[in-house]
Amino acid sequence: MEIAIIGAGAAGLAAAAALTKTHNVMVFEQSKDLGGLWQAQVDFKNTALYPSLRTNLPAALMAFLDFPFDPQLIPPELGDYPGPKAVADYLKAFSEEKCLQPLIKFDHKVTSVTRHSSGWLIKFNAHTPLTADAIVVCNGHYTTPNLPLIAGLEHLANPPRHAKHYVEPGDFAGQRVVVWGSNASGIDLVREISPQARAVFWCGHSDERSAFVSDLENVSICADLEAVTSDGIVLRDKQLLTGIDEVLFCTGYQYDFPFLDSEIIKTEAHRVQGLYQQILAIQQPNLAFIGLPYLVVPFPLFQIQSQWLAKVFSGDVDLSRMPKRQKTPRETSQRPPERSELDRGFHRLGDQQIGYLTNLIDEANLTDLPVNFIQMLKAAQRIKQRNPCHYRDIRLDLQDPAGPPLA
Ligand SMILES: Cc1cc2nc3c(=O)[nH]c(=O)nc-3n(C[C@H](O)[C@H](O)[C@H](O)COP(=O)(O)OP(=O)(O)OC[C@H]3O[C@@H](n4cnc5c(N)ncnc54)[C@H](O)[C@@H]3O)c2cc1C
């Protein structure tokens, strides 16, 4: 098959490495470099990363399963948890090892993908359109901020910012800051900002937040935001926060495929609808998505998804378990509210990720996950559970067998 991959981030590189073994692959990347999110940034102003960021997984787990992370890439003071440059360098080394560079067309922004006989027509911002038999979408999902609708935002002293635009803690020096969101970026940015801010009000609904800030005196754990009024910020529990200088939304990102018509793929309640195994479009099984799941170990997951897909495209996977059709929009919109709630966390795998990967491996008869991958995951989880505030400063230890249970 002639396969077009959209995006040369970690997911696009994993897809190219797996698919090029059995198919003709072209990768279209809108920027001038590979690595996606991790590309070395000049000013970090318009990216979800920031200069002081360290990965939240140790390098040994970040790495693709067949290409270890060279420790030389990581400055010694960062231990097992590298910054963006080391990860960008790692992805460059991976693409060299797998000879992927010649497959990538840089400066090729895909603007539309439409059906064309049995395949697809791809249009670009400034290049001649091309056709392909199959499309693999690897455009990432940390680009379009999710901004919750809250009444009265105009009353804020400054317009709210999103984590995507966070650069450095100095921007919050001496201020009273509301941070909204309990996931990874909420945890990291509360810890980043608190040493410089006068007070941080950490809004959200996770009960586990206090463990991450037990050593920070100026952080208060608060309920979710409900509205902003001329008196201040009203929280769900009716507490009123006054004198707030800045509000930082750590409320995640939306799945966004601006080059695909919603007739082709639909995102509803934070779930990309109509996919088999969170990868293959049921209605048009020559369209696929790598990297949608989150709360996972991303690079190995991209790799296994891509290997599964390569086998599917070669006709080597029995797809008899794949539903025959996608639900119509009418059926989907009439789903009861609890169904939409389930959809909301649909791509969030967490403890289910090993089961998900094992299922892909079994279905496509792929090589099993290395035993030490699961051991490392347990060890990293154990370190994080025991040291939620400073886990990045602790070296990974595979000798302690008592890790937390995995589902
Ligand atoms: C703040 C933050 C911290 C994170 N920390 C970690 C971590 O510690 N460890 C970890 O493993 N993961 C982490 N992640 C997850 C991260 O998303 C993955 O590691 C990985 O980089 C995602 O790769 P991707 O290829 O899916 O997306 P991206 O890296 O976003 O790559 C997508 C690529 O597609 C290109 N593209 C997009 N649209 C088009 C178009 N229309 N035409 C052509 N090209 C296009 C983009 O230019 C980009 O190069 C973090 C994410 C965030 C936001």
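Biologist: Which residue of β6 stands opposite I122?

Modeller: In this predicted model, I122 stands opposite L130 in β6. The general idea is that strands of a sheet pair through backbone hydrogen bonds, either parallel or antiparallel. Here β5 and strand β6 (residues 130–132) run antiparallel and are joined by three bridges. A hairpin of five residues makes the connection from β5 to β6.

Biologist: And how many bridges join β4 to β5?

Modeller: Six bridges link strand β4 (residues 110–116) with strand β5 (residues 119–124), and the two run antiparallel. You can pick out one pair by eye: H116 has G119 in β5 as its bridge partner. The hairpin of β4 and β5 has two residues between the strands, and one feature there is S117, with a positive phi near 40°.

Biologist: Why would a modeller stop at a positive phi?

Modeller: Because most residues other than glycine have a negative phi. So a positive value is worth a look. D107 is one case here, with phi near 60° although the residue is not glycine. D107 sits in the loop between β3 (104–105) and β4.

Biologist: How many C-beta neighbours does D107 have inside 10 Å, and how is D107 classed?

Modeller: D107 has 13 of them, so D107 counts as partly exposed. The cut-off for exposed is 12 or fewer.

Biologist: Where does Q277 lie?

Modeller: Q277 is found in the loop between β20 (275–276) and β21 (280–281). Its phi is positive, about 55°, and Q277 is not a glycine. Q277 is partly exposed because 19 other C-beta atoms lie within 10 Å, and a residue needs 20 or more to be buried.

Biologist: Let me try that on V213. Is V213 buried or exposed?

Modeller: V213 counts as buried, because it has 20 C-beta neighbours inside 10 Å. V213 lies in the loop between α5 (209–212) and β12 (219–222). If you set aside the neighbours within four places in sequence, V213 is in contact with V190, W202 and V219.

Biologist: How should I read separation in sequence beside separation in space?

Modeller: Take two pairs and read both values for each. V213 and L73 are 140 residues apart in sequence and 30 Å apart in space, C-alpha to C-alpha. A211 and N387 are 176 residues apart in sequence, with 8.8 Å between their C-alpha atoms. A211 belongs to helix α5, and with 13 C-beta neighbours inside 10 Å, A211 counts as partly exposed.

Biologist: Now the sheets again. What is the strand order in the open sheet of three strands?

Modeller: The order is β13-β14-β15, and the pairing is antiparallel. β13 (225–229) and β15 (240–241) are at the edges with a single partner strand each, so one side of each has no neighbour in the sheet. Between β13 and strand β14 (residues 232–235) there are four bridges, again antiparallel. One of the pairs to look for is T229 with its bridge partner G232 in β14. When you follow the side chains, remember that in a regular strand they alternate between the two faces of the sheet.

Biologist: What span does α6 reach, and what is expected?

Modeller: α6 has 16 residues and reaches 22 Å from its first C-alpha to its last, close to the 22 Å expected at 1.5 Å a residue. Burial is the other thing to check: 14 of the 16 residues of α6 are buried, leaving the helix mostly covered. Just after α6, G315 takes a positive phi of about 80°.

Biologist: How many residues surround the ligand?

Modeller: There are 31, and the closest are G7, G9, G36, T55 and G140. Sorted by kind, the shell has 17 nonpolar, 12 polar and two charged residues. α1 (10–19) and α6 (298–313) each supply at least two residues of the shell. The largest share, three residues, comes from α1.

Biologist: Last one: into which domains is the protein chain divided?

Modeller: Domain 1 covers 2–34 + 100–144 + 253–369, and domain 2 covers 147–249. Their C-alpha centres lie 34 Å apart.

Note on methods. Residues numbered from 1 in each chain as written. Predicted model: local features only at pLDDT ≥ 70, side-chain atom pairs only at ≥ 80, totals over all residues. Near = placed C-beta within 6 Å. Nonpolar A, V, L, I, M, F, W, Y, C, P; charged D, E, K, R; others polar. Pairing = 2+ DSSP bridges. Expected span 1.5 Å × (residues − 1). Domains from an automatic or database assignment. Contact = placed C-beta atoms within 7 Å.
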